[in-house]
Structures are given as structure tokens and as C-alpha cells.
Amino acid sequence: MTQISPPASWAPALDPVVASRAFARLTAFLGAEAERGATIFPPEGERLAALALTPLPQVKVVILGQDPYHGAGQAHGLAFSVRRGVRVPPSLANIYKELHADLGLPRPDHGNLVRWAEQGVLLLNTVLTVEEGKAGSHQRKGWEEFTDAAVAAVAAGPDPVVFLLWGNHAQKKAARLPGLNDTRHLVLQAAHPSPLSAHNGFFGCRHFSQANAFLEAQGRGAIDWQP
């Protein structure tokens, strides 16, 4: 059976979820999918990459995605990010356009956002696995409770954090979690960067400069948003 062990800094918040009956159903589902030969992205060792690369006490910014990319070679455990050498997906290309407009940063020639994660940007998808070619195929299997607990742990922590909520999915997830209305935090909302919606309020949102201004004012240090 597939085993899922949260990184050490996240374990106190997530171990109770992992021990739950609902999560046992998730691991059984993932094990059964693997046994029938389904290709699941990202690979097993990278499914908790967002948590491994961004320890809980170091989180400065939370960006919520939906589920991983479902094409071969794309997903590697970070929302919106792809491996180097993989074509930059349309939503990420639009994020780069807004970065250029907001901060004047040159548009990168790759889509790997590990550098963000290492600086404290939690790039967390709501669902952490997907079957190849089947977007949304692992929704409502148990991941949502796990990622809810992760975001709630950030919100309950002692430090001020910026939450960037792009699109209805992220906004609805955040709305049901305790702690995000704490005045210590900065919650910024905009349309999703997808080509279908970016022109409805994502472009021009200036979330990156607002996030840095807030972090600097709180003494937490700005993010270098150049990937």
C-alpha cells in the first residue's frame, strides 16, 4: 500500500489526518491505481515536494493550485511549476507576464519554481496526484482534507503570511479554513491566471509587489520572484 509521510516540520499538523480513516481510503485508492497499471503524476517520491521544499516555519507566501499537470514529465510536486526542459504551461506564462508588468522581471525560459519554494513560497495544489491524461481524476479521494490541514497550520502559525488566492477554486478552499481572516495575514484574491480568465482581473493585480511590501513591513524579508 502507498505510504504517505509528511516532512518533519509538517508532521504535528498532518499526522492526525494521515491517521484518519478517510486518509486510509486515499492510500488504498492510490495503491489500487498503481496495481492496475495507471500512470499517476507526480511520481510517488515527489508528491509532497511542496511541503519538503518549504518547511512550515519558513512559509511566507501560500499559492494554492488545483491539481497537478496531467501530461508526462510535467508535474513534480509544486503548483504551477514544471521541470526544466518542459514547455512553460499557459497559466504559468501568464504569471510570468504579470511578474514582468508588476516588477519588471524578465520572462524566464523555463517553468521550474523550486527557487520560489526554497524562499518560503508554498506552492500547494489542493489535490496532490492525478492520473495521466485525466484532469481532476483524483479529486474527492481524500487529498483535500490533507491540504486543508496544511493551509490551516500555516494560518494558525505565529508569523504573518501572504495568501495569494487565484480563481474560484482557491478562494472557496480558503473560505472554509480557520485563521485566514486573522488580521496578521494578507489575503489577496484575483482571477485565475488561466488564458480563460487572466484578463478578468489577474493581469494588473500586482500581487507580487503587494506581497513583498507586506513581508518587508512585517520584517520577514521580500521574495526574489525571479524563478
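How much space lies in the largest pocket? About 460 Å³, going by this predicted model. Beyond the pocket, here's a quick tour of a buried lysine, a cis peptide bond, two residues with positive phi that aren't glycines, and a set of aromatic pairs.

**The largest pocket**

- The largest pocket holds about 460 Å³ of space, and 28 residues line it.
- If you want to find its centre on screen, look for Gln66, Asp67, Pro68, Tyr69 and His192, which are the lining residues closest to that point.
- Strand S2 (61-65), helix H4 (90-103) and helix H7 are the elements that each give two or more residues to the lining.
- Sorted by class, the lining has 14 nonpolar residues, 13 polar ones and one charged residue.

**Lysine 173**

- Lysine 173 sits in helix H7, which runs over residues 168-175.
- Is this lysine buried or exposed? Its relative accessible area is 2%, so lysine 173 counts as buried.
- Its side chain makes a polar contact of 2.9 Å with the side chain of threonine 147.
- Leaving aside residues up to four places away in sequence, lysine 173 touches Leu64, Thr126, Glu144, Thr147, Asp148 and Val151.
- Thr147 therefore turns up twice, once in that list of contacts and once as the polar partner of lysine 173, a residue that is buried at 2%.

**Backbone oddities**

- Phenylalanine 41 and proline 42 are joined by a cis peptide bond, with omega at about -10°.
- Proline 42 belongs to the loop between strand S1 (40-41) and helix H3 (49-53).
- Phenylalanine 80 isn't a glycine, yet its phi is positive, at about 70°.
- You'll find phenylalanine 80 in the loop between S2 and H4, and with 9% relative accessibility it counts as buried.
- Arginine 140 also has a positive phi without being a glycine, in this case about 60°.
- The loop between strand S4 (130-131) and helix H6 (143-156) is where arginine 140 is found.
- Which is arginine 140, buried or exposed? At 71% relative accessibility, it counts as exposed.

**Aromatic pairs**

- Searching the whole structure turns up 10 aromatic pairs.
- One of them is the edge-to-face pair of phenylalanine 23 and tryptophan 143, with 6.0 Å from centre to centre and 85° between the planes.
- Phenylalanine 23 is in helix H2 (residues 21-35) and tryptophan 143 is in helix H6, so this pair ties together parts that are 120 residues apart in sequence.
- Phenylalanine 23 and tryptophan 143 are both buried.
- Tryptophan 143 also pairs with phenylalanine 146: the ring centres are 5.7 Å apart and the planes are at 75°, so this pair is edge-to-face.
- Why are tryptophan 143 and phenylalanine 146 separated by about one helical turn? Because they are three residues apart in helix H6.
- Like tryptophan 143, phenylalanine 146 is buried.
- Elsewhere, ring pairs link Phe80, Trp116, Trp166, Phe202, Phe203, Phe208 and Trp225 into a cluster.
- Phe80 is a familiar face here: the residue with a positive phi of about 70° is also a member of that cluster.

Definitions and conventions
Residues are numbered from 1 along each chain as its sequence is written. This is a predicted model: local features need pLDDT of at least 70, side-chain atom pairs count only at pLDDT 80 or more; totals for chains, interfaces and linings use all residues. Side-chain values use heavy atoms; hydrogens and water are left out. Helices (H or I, at least four residues) and strands (E, at least two) are DSSP runs, numbered from the N terminus. Buried means under 20% relative accessible area, exposed over 50%, partly exposed in between (1.4 Å probe, protein chains only). A polar contact is a pair of N or O atoms within 3.5 Å; within protein, one must be able to donate a hydrogen and the other to accept it, and residues adjacent in sequence count only if both atoms are side-chain atoms. Contact means heavy atoms within 4.5 Å. On a 1 Å grid over the protein atoms alone, a cavity is a set of points where a 1.4 Å probe fits but cannot get out, and a pocket is an open set with protein on both sides within 12 Å along at least five of seven lines; lining residues have an atom within 4 Å of a point. Grid points are joined across faces, edges and corners, and a volume is the space filled by probe spheres set on the points. Ala, Val, Leu, Ile, Met, Phe, Trp, Tyr, Cys and Pro count as nonpolar, Asp, Glu, Lys and Arg as charged, and the others, Gly among them, as polar. Rings of Phe, Tyr and Trp (its six-membered ring) pair if their centres lie within 6.5 Å; planes under 30 degrees apart count as stacked, over 60 as edge-to-face and the rest as tilted.
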